[in-house]
Amino acid sequence: MCDDETCQPTIDLGALGLHREAQLAATVSDPFSRRTVLRVGSVAAALAVLARGTTRPAEAASAPAGRRGLTLPDGARSSRHAMHVHSVGSEKSGSVSAQVGLAEQAACDYLWMTEHDWRLFALPDERSPREYVFTSLTSLGWDWKPVRLGKASVSRAGVSTTGGSTSLFLEVASSGAATVGVDATTVQNVLEGFVVGREVVLPLQVEKLSGTGYVELVVSLSVHGGNQIFLVYRFGTHADGRVRATPTVGHVYRRVAAGDSLEVTLTPLDDIEALFGGELPAADNSITGLTLQVTAEQGAVRVRVPRIGLPRLVTGVDALSALVSVYDQVFATSRVTRRHGIEVSGAGDHHIGWLGPDATNLPEPGLAAAVARIHTGPGIASYNHPFGTVPKPRTDARFLNIVASLARSRVYGADVLELGYVERGGMSLDDHLLLGDLLWNRGLVFTANGVSDDHGGKTWADTFLTHLWGSRTQSSDLAALRSGRATVTLLSCVGDLAVTLDGRPMGSVPSTSVQRPGELTIYTAGLPIGTTLEVVSGLTTVTGGYDLTARTTTTTGVQAPPTGTGTVSVVVPGGDRYHRVVARDGAGTIIAFTNPVWSGVPDPTSVDPSRLVTV
């Protein structure tokens, strides 16, 4: 399941210039003639910019300055991670190249690719239909919205019946230039899919074609260098061939005539390779949108389309292997290292992140069963977007229902709970942190992390990242997530923040409660000048009903070291409590928060052994 109700917006066909091609069409009787080559070559400078931008998107959020990492007294070093990131194996427009570019600009050391499992593996029961039959313009989650450009004497788009069969009917006539068509909008992005193994089957009945007229299928692809790529399949009177129309638009021509009835099978991967292969990995694309349209320039076009097929020929582990090949190609030229994951997405609005080298498809086992399966290997289980993926009104009742559900299930046994969201599911960062406190109050012990959860590949603005403490190996990263040695930082903050309690590391739980007050040591490096630190101490013994009052006390106004680097010590109470630290910049915005360190919990036997420290 995808992370939105909404899908690809209507394409601005006018901005693409897809109906102003009479002059270009006149030059392509031989698509690879010298005239055509010269015409395509006239945009060489722009293509070079596109090529350079494939891993450095132009529309990225402001890039932070270089990181100055912190090493803790026990030798653990920080590393900066973008977690829960999607690309062409999921949905929407983010390419692997675009996401890697954003990770570079965010000064990340590691990028966790976590595609939706059912979509990546193209399962037989994948929600994406393999075919759309035009019995109406709205069916099975699809909505084909009419698109019109220019002034036409005839302009019709709809479903009609002829000979007992229904089909999409498109007709346009104009003494100038005019376009009419339909643009596919889908619930849950159901048309989208990795281009490897993806075909588009298009039956056409060309009833009228005069003047300079043509039929087009516009295929929206992924974002590269901050710009979306498009394939335009044009059926008209020009010769077969391919032409690069602009840096972001490639045309594939096919000659047809009035009276033709044909069925064409299109292979976007081959056409992307032919048209864009010099600047970007052809396989680093997904089909993110479809538009069917007819254009007339001093003429008329009438066409019927009974259906459009979208078969997936590469599925299962082969699809994963193909995507990993794309990962390898893109990451090979980047200083960012890939970490492997899968988002187990078959259980409704709540998904489980499987983080680790063994992450693969699970056949919709349910949340608790998915976590149990993940725990049979080295992987870490993350409970993702706890307030859901769809923006909903924030109500106390809704909030408390989620608290109660997660408390009763003990977060389904997950190691990690995603709390680092500026906003998700209609809930703010404060709501997410309150959720964490209410669950920690209940004696639950888990790790909070920061989340990108980005599908678009254009910007990670308002994103939290995760700093993990260890030796910068994959096993060390997984151990840090399991044991709570993690700090959540706002994208714009590259500084480090960590805590110990009487020398015990962040995330740790004593084997028996320590009743005496303890010394909480706060370690900072590279925080903005003027950062204020808050120590939040919470009880872990609360039972009974659920309300919105977290059992916490906050020590405010603890000033970070003047240079942003150094240590601060604070005395905190003992007993069954946890202690965490929040960093705010001069404007009061939360720029980082640590995971808790515990002075005690009611039931240490329920805690992962990797967290327990003998006292």
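Let's start with a caution. Residues 1-63 stay under a pLDDT of 50. The model still gives that stretch 163 contacts beyond four places in sequence. Keep that in mind, because this is a predicted model, and pLDDT is the predictor's confidence in each residue.

Now the chain as a whole. Its mean pLDDT is 87. Of its residues, 87% reach 70 or more.

What is it built from? Twelve helices and 37 strands. The chain has 615 residues, and 60% of them are buried. Next, contacts between residues at least 6 apart in sequence. Of these, 76% join residues at least 24 apart. As for the surface, the chain exposes about 21,500 Å². Carbon and sulfur atoms supply 52% of that area.

On to the empty space. Rolling a probe the size of a water molecule over the atoms shows where such space is left. How many cavities of 30 Å³ or more does a search of the whole structure find? Five.

Take the largest cavity. It holds about 90 Å³ of space. Please find its lining on the structure. Going up in number, V403 comes up, then L438, N441 and R442. The rest of the lining is V542, G545, Y546, D547, T549, A550 and R551. By class, that lining has five nonpolar residues, three polar and three charged.

Now the second largest cavity. About 70 Å³ of space lies in it. Which residues line it? M83, H84, T114, G353, L355, S382, N384, E418 and N449. Two elements give two or more residues to this lining: β1, at 77-85, and β19, at 352-355. What about the classes here? Six residues in the lining are polar, two are nonpolar and one is charged.

Last, a pocket. A cavity is space where the probe fits but cannot get out, whereas a pocket is an open set. I'll take the second largest pocket. What is its volume? About 290 Å³. The lining has 14 residues. Nearest the centre of this pocket lie G413, A414, V445, S606 and D608. The whole lining divides into six nonpolar, three polar and five charged residues.

To recap. The chain has twelve helices and 37 strands, and 60% of its residues are buried. There are five cavities of 30 Å³ or more. The largest has about 90 Å³ of space. And once more, residues 1-63 have a pLDDT under 50. That's it from me.

Key: Residues are numbered from 1 along each chain as its sequence is written. This is a predicted model: local features need pLDDT of at least 70, side-chain atom pairs count only at pLDDT 80 or more; totals for chains, interfaces and linings use all residues. Side-chain values use heavy atoms; hydrogens and water are left out. Helices (H or I, at least four residues) and strands (E, at least two) are DSSP runs, numbered from the N terminus. Buried means under 20% relative accessible area, exposed over 50%, partly exposed in between (1.4 Å probe, protein chains only). Contact means heavy atoms within 4.5 Å. Accessible areas come from the Shrake-Rupley method with a 1.4 Å probe; for residues, only the protein chains shown count as cover. pLDDT is the predictor's confidence in each residue, from 0 to 100. On a 1 Å grid over the protein atoms alone, a cavity is a set of points where a 1.4 Å probe fits but cannot get out, and a pocket is an open set with protein on both sides within 12 Å along at least five of seven lines; lining residues have an atom within 4 Å of a point. Grid points are joined across faces, edges and corners, and a volume is the space filled by probe spheres set on the points. Ala, Val, Leu, Ile, Met, Phe, Trp, Tyr, Cys and Pro count as nonpolar, Asp, Glu, Lys and Arg as charged, and the others, Gly among them, as polar.
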